[in-house]
Amino acid sequence: MPTTETPGAPPAEERVFRPAPSTVIEANVKPAELVEAYRLAAADHPGYWEQAALELEWHRKWDAVLDDSRPPVYRWFPGARTNIVHNALDRHVHIWTKNKLALIWEGEAGDCRKFTYFELYREVNRLAGALRALGVGRGDRVCLYMPPIPETVVAMLATAKIGAVHVFVFAGYAAKFLRERVNEAGAKVLVTADGFYRGGKLINLKAVVDEGLADARPDVAETVVVVRRTGGDIDMQEPRDLYYHDLLRQESPEAATEIMEAGEPLFWLPTSGTTGKPKSVVHSHGGYMVGAHHTFRTVFDIKPTDIHFCTADPGWITGHTYGVYGPLLTGATVILYEGHPLYPQADRLPAIIERYGATIFYATPTLIRMLMRYGPQYPKNRDISTLRLLGSVGEPLGPDAWMWLYKHIGRSNCPVLDTWWQTETGMAMLSPMPISLLKPGSVGKALPGVAADVVDEDGRPVPPGQSGFLVLGKPWPGMLTGLAGDDAAYAAYWEKIPGVYFAGDLARRDEDGYFWIQGRADDVLNIAGHRIGTAEVEAALCSHRFVADAAVIGLPDKIKGEVAKAFVVPSPQWQEAYADADAFASDLRAHVRRELGPIVIVRAVALRESLPRTHSGKILRRVLREEEEAGGKLF
Ligand code: WT7
């Protein structure tokens, strides 16, 4: 790894970086204001968030800021009415942001489309009208299986505008996963695209949709709206499939915005719960809006001249909160990129920063480690001097990647905001602010209005420097309002350690109150910032006809952070079907990829006669992990 450290300098994680004076002078939240924010939040927690809510427009104000009378169900802003799209889009059409760029989109081939707030507003209204004409209304679910293209943002906003609920299934998930989510959501309409470009290849997304819907419930996905992105050869099934562009042609550029109760659902988003089974997290119009807006304005320090480049796909929570809603709520300009981050070569992201003059770059550690592997000459050959803030999210960044990002992307001049949060939290929870002292590898302190702690299994705070479980002590506005159709699983987050939200991460806190995230504490893998339950991978393996039993653990990986290792008990006939264990293993890897999608990477497969289990039949992954660390079979 290229480092140019002074010999004898302390290790990265013991160093502290100070913000430049200009960063402090120009920050949206200056030092005295941050002190005041912490003071107010400690003295009056709801009062702090009420102030944040007053930064937005409401059709009716709340009867109370927070109803916490029935924990663990928390209702933010009960009685209030609004629609997140009113604040993210409609209101801009009446103020100076009307003709400002909302969205800059770049296709993988370098094609570019730009939308002002006004243009985005009109496009969203047309789709809103079309969805209404298809019979979609308040509370109905609309499934989105979309690549990173402008119509994806349009579809999210149009769904929310009419009070329907978007259920995004990331386009890297496989057909079976899509089917399960469409069935679970009972979505009458699915919006997708013919395909998209990634890594120089045309990905035929519509073919996956056709496969996924082939055995879906008969009452779901009655209509499939298809955006023409590539013009590739696809199968349009009449009368189910309709082209987006045909639908919109006849629609009005004006559409009424449905006024929602603050607690009504805005979207569902699937993630692996703490048990490893996919769960749909539910977020609301009111609380989520306040959390997304406030954190984007304060943490990302957004200014009218900013161009925010969020590399996350819109289909993940990062894309929802800081790629779409946060930026639009603050009237910012956001860049959306369609393709592979290293295509056609490793300077692609720096080239995008250069081309549009991006000022904020928000990426994942996996991406940063990929850039790091190619070396500093790639960002160096591009003018990325417009950058003023860097962000990271999704997995531990670590001091080495932190230093590389700081030096080679940030020219030792841009604060690195390593933001810790989750699909469930909806908004950043732990993060430095642009004015904070920075420690490479740390996610900083809890943000004002966020109560975080590191505790032992009985809920007792552990002393500084010691590892424990990361918990959140008080409700926060961006929090999930529930898990779709599973109250017990929602309650489980609060029952593991009674009274607090159990995040599922291991962490320590230092003497200064800075948090250091060490990874998951449960049966969840984090592959390139994507949370994948070991149980999901095990179920996929067990669906293979020659697998009798399977267990999965995480292996550390230099780039992806973590990859999966599978321990498989084969059924006796496997040897008749495969030449050798290697052929069997590669078929198993391909099988998991087919079942779950390319984001699930199984690096190694070991064949076993049996798996270590508890008396009650639970797999002892701990034993498998110990065996792995010892470098071989222990039993
Ligand atoms: C899990 C949540 C929130 C967007 C992306 C992931 C890990 C998240 C960090 C960070 C270390 C992090 C945690 C967390 N994680 N951010 N800055 N440093 N780990 O969302 O799929 O819901 O996963 O990602 O383990 O619990 P998600």
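Start with the whole surface: the protein exposes about 24,400 Å², and carbon and sulfur atoms supply 50% of that area. Keep in mind as you turn it that this is a predicted model.

**The whole chain**

Stay zoomed out and show the C-alpha trace. Along its principal axes it spans about 70 × 70 × 55 Å. The radius of gyration is 24 Å, which agrees with the value near 26 Å that a compact globule of 635 residues would have. Colour by burial next, and you will find that buried residues make up 60% of the 635 residues.

Switch to cartoon to see 20 helices and 30 strands. If you draw contacts with a separation of 6 or more, residues 24 or more positions apart account for 71% of them. Now pick out the charged side chains: there are 69 positive and 78 negative charges, and the mean positions of the two sets are 2 Å apart.

**Two annotated spans**

Select residues 36-88. In an unreviewed UniProt entry this span carries the annotation "domain: Acetyl-coenzyme A synthetase N-terminal". The chain here is 42% helix and 21% strand, and a distance drawn between the end C-alpha atoms of the span comes to 28 Å.

Then jump to residues 536-618, annotated in the unreviewed UniProt entry as "domain: AMP-binding enzyme C-terminal". Helix and strand each take 33% of this span. Its end C-alpha atoms lie 15 Å apart.

**A stop inside: Ser 392**

Select strand β19, residues 389-392, and centre on Ser 392. Is Ser 392 buried or exposed? Ser 392 counts as buried because its relative accessible area is 0%, and the cut-off for buried is under 20%.

What surrounds Ser 392, leaving aside neighbours within four places in sequence? Show the side chains of Tyr 362, Ala 363, Thr 364, Pro 365 and Ile 368, which are among its contacts. Add Leu 397, then Leu 417, Asp 418 and Thr 419, which are also in contact with Ser 392.

**Backbone details worth a zoom**

The next four stops concern backbone geometry. Most residues other than glycine have a negative phi, and most peptide bonds are trans.

- Go to Glu 238 and Pro 239, where the peptide bond is cis, with omega near -5°. Pro 239 is in the loop between β11 (223-227) and β12 (241-243).
- Move on to Tyr 343 and Pro 344, also joined by a cis peptide bond, with omega about -5°. To place Pro 344, look in the loop that runs between β17 (333-337) and α12 (348-356).
- Select Arg 411, which is not a glycine yet has a positive phi of about 50°. Look for Arg 411 in the loop between α15 (398-409) and β20 (416-418). With a relative accessible area of 33%, Arg 411 is partly exposed.
- Finish at Ala 528, another residue that is not a glycine, with a positive phi of about 55°. Ala 528 sits in the loop between β26 (524-527) and β27 (530-533). Its relative accessibility is 14%, so Ala 528 counts as buried.

Notes: Residues numbered from 1 in each chain as written. Predicted model: local features only at pLDDT ≥ 70, side-chain atom pairs only at ≥ 80, totals over all residues. Heavy atoms only, no water. Helix = DSSP H or I, 4+ residues; strand = E, 2+ residues; numbered from the N terminus. Buried < 20%, exposed > 50% of the residue type's maximum accessible area, 1.4 Å probe, protein only. Contact = heavy atoms within 4.5 Å. UniProt positions renumbered as here; feature names shortened; annotations may be inferred. Rg over C-alpha atoms; globule rule 2.2 N^0.38 Å. Areas by Shrake-Rupley, 256 points an atom, 1.4 Å probe, with all protein chains shown as cover. Lys, Arg positive; Asp, Glu negative; His and termini not counted. Charge placed at Lys NZ, Arg CZ, Asp CG, Glu CD.
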